[in-house]
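Visitor: I'm new to reading protein structures. Could you walk me through this one, feature by feature?

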Amino acid sequence: MAIRITGIRLEGGAGHEHIGRLWWVNPASGAAEERPNTRAELVAWIEDQNGKAYVESGGHRADVGVVKPPYGPKYLRTYADGQWTDNLLALPHR
């Protein structure tokens with residue numbers, strides 16, 4: 001299953017490491033209902049359960065990956081065309 005991230009909530013800053021909550025839909029289910037999860041929950045889902053997430057904009061898809069900084073908690077960021085991108089930060093803020 002791959003989920004599409006549709007929105008974010010920033011907490012205490014403006015960078016990727018400050019994304020505290022993310023909203024998503026599961027396109028495979030056909031349901032349009034968005035569901036929220038914390039950053040930590042989605043990091044664990046991607047790492048421990050081989051979950052897949054992406055952001056889609058203008059017909060272009062960017063996969064979401066886990067960033068493991070030298071210090072501080074892991075966070076999520078999009079990865080496209082061989083480099084980290086800012087697609088998550090461009091999503092609607094809630």
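Guide: Happy to. Keep in mind that this is a predicted model. Let's start with a pair of strands: E4 and E5 pair in the antiparallel sense, over four bridges. If you look for residues facing each other, serine 57 stands opposite histidine 60 in E5.

Visitor: How many residues lie between E4 and E5, and what should I look at in the turn?

Guide: Two residues lie between them, and the two strands form a hairpin. In the turn, look at glycine 58, which has a positive phi of about 60°. A hairpin is also formed by E6 and E7, again with two residues between the strands. There, aspartate 81 in the turn has a positive phi of about 50°.

Visitor: Now the whole sheet. In what order do the strands sit?

Guide: Read across it and you get E3-E2-E1-E4-E5-E6-E7, seven strands in an open sheet with mixed pairing. At the edges stand strand E3 (35-38) and strand E7 (83-85); each has a single partner strand, so one side of each is left without a neighbour in the sheet. Neighbouring strands are turned by 45° against each other on average, direction ignored.

Visitor: What does "mixed" look like when I go pair by pair?

Guide: Take the pairs in turn:
- Strand E2 (residues 19-25) pairs with E3 in the antiparallel sense, over four bridges. 
- E1 and E4 are parallel, with three bridges; here alanine 2 stands opposite lysine 52 in E4.
- E5 and E6 pair in the antiparallel sense over five bridges, and glycine 65 stands opposite arginine 77 in E6.
- E6 and E7 run antiparallel, joined by three bridges, with alanine 80 opposite glutamine 83 in E7.

Visitor: And what about the side chains on a strand? Where do they point?

Guide: The general idea is that in a regular strand the side chains alternate between the two faces of the sheet. For a residue to follow here, try asparagine 37 in strand E3. Leucine 22 stands opposite asparagine 37.

Visitor: Is asparagine 37 buried or exposed?

Guide: Asparagine 37 counts as buried, because its relative accessibility is 19% and the cut-off for buried is under 20%. Its side chain makes a polar contact with the side chain of glutamate 41, at 2.9 Å. Leaving out residues up to four places away in sequence, asparagine 37 touches Gly20, Arg21, Leu22, Trp24 and Leu42.

Visitor: Now the helix. How do I read which way a helix faces?

Guide: Here's the rule of thumb: an α-helix has 3.6 residues a turn, so residues three or four places apart point the same way. Now try it on H1, where Arg39, Leu42, Val43, Trp45 and Ile46 are buried. They cover an arc of only 160° around the axis, which puts them on the same side of H1. On the other side, Ala40 and Asp48 are exposed.

Visitor: What covers the buried residues of H1?

Guide: The cover includes E1, E2, E3, E4, E5 and E6. Helix H1 (residues 39-48) lies across those strands, running at about 90° to E3. After H1 comes asparagine 50, whose phi is positive, near 55°.

Visitor: How should I think about a nonpolar core?

Guide: In soluble globular proteins, nonpolar side chains tend to be buried together. In this model, the largest nonpolar core has 17 residues, and Ile5, Leu22, Val64, Leu76 and Leu88 touch the most other members. Two or more residues come from each of E1, E2, H1, E4 and E5. H1 gives the most, with four residues.

Visitor: We've already come across leucine 22. What does leucine 22 touch?

Guide: Not counting residues up to four places away in sequence, its contacts include Ile5, Ile8, Asn37, Leu42, Leu76 and Leu88.

Visitor: Last one: where is glutamate 17, and what does it touch?

Guide: Glutamate 17 is in the loop between E1 and E2. With a relative accessible area of 40%, glutamate 17 is partly exposed. Glutamate 17 touches Arg39 and Tyr75, not counting residues up to four places away in sequence. Look at valine 67 too: glutamate 17 and valine 67 are 50 residues apart in sequence and 9.0 Å apart in space, C-alpha to C-alpha.

Definitions and conventions
Residues are numbered from 1 along each chain as its sequence is written. This is a predicted model: local features need pLDDT of at least 70, side-chain atom pairs count only at pLDDT 80 or more; totals for chains, interfaces and linings use all residues. Side-chain values use heavy atoms; hydrogens and water are left out. Two strands pair if DSSP finds at least two bridges between them. Axes are lines fitted to C-alpha atoms, for helices over the stretch in contact, and angles run from 0 to 180 degrees between N-to-C directions. Contact means heavy atoms within 4.5 Å. Buried means under 20% relative accessible area, exposed over 50%, partly exposed in between (1.4 Å probe, protein chains only). A polar contact is a pair of N or O atoms within 3.5 Å; within protein, one must be able to donate a hydrogen and the other to accept it, and residues adjacent in sequence count only if both atoms are side-chain atoms. A nonpolar core is a set of buried Ala, Val, Leu, Ile, Met, Phe, Trp, Tyr and Cys residues joined through side-chain atoms within 4.5 Å. The arc is that of the directions from the helix axis to the C-beta atoms.
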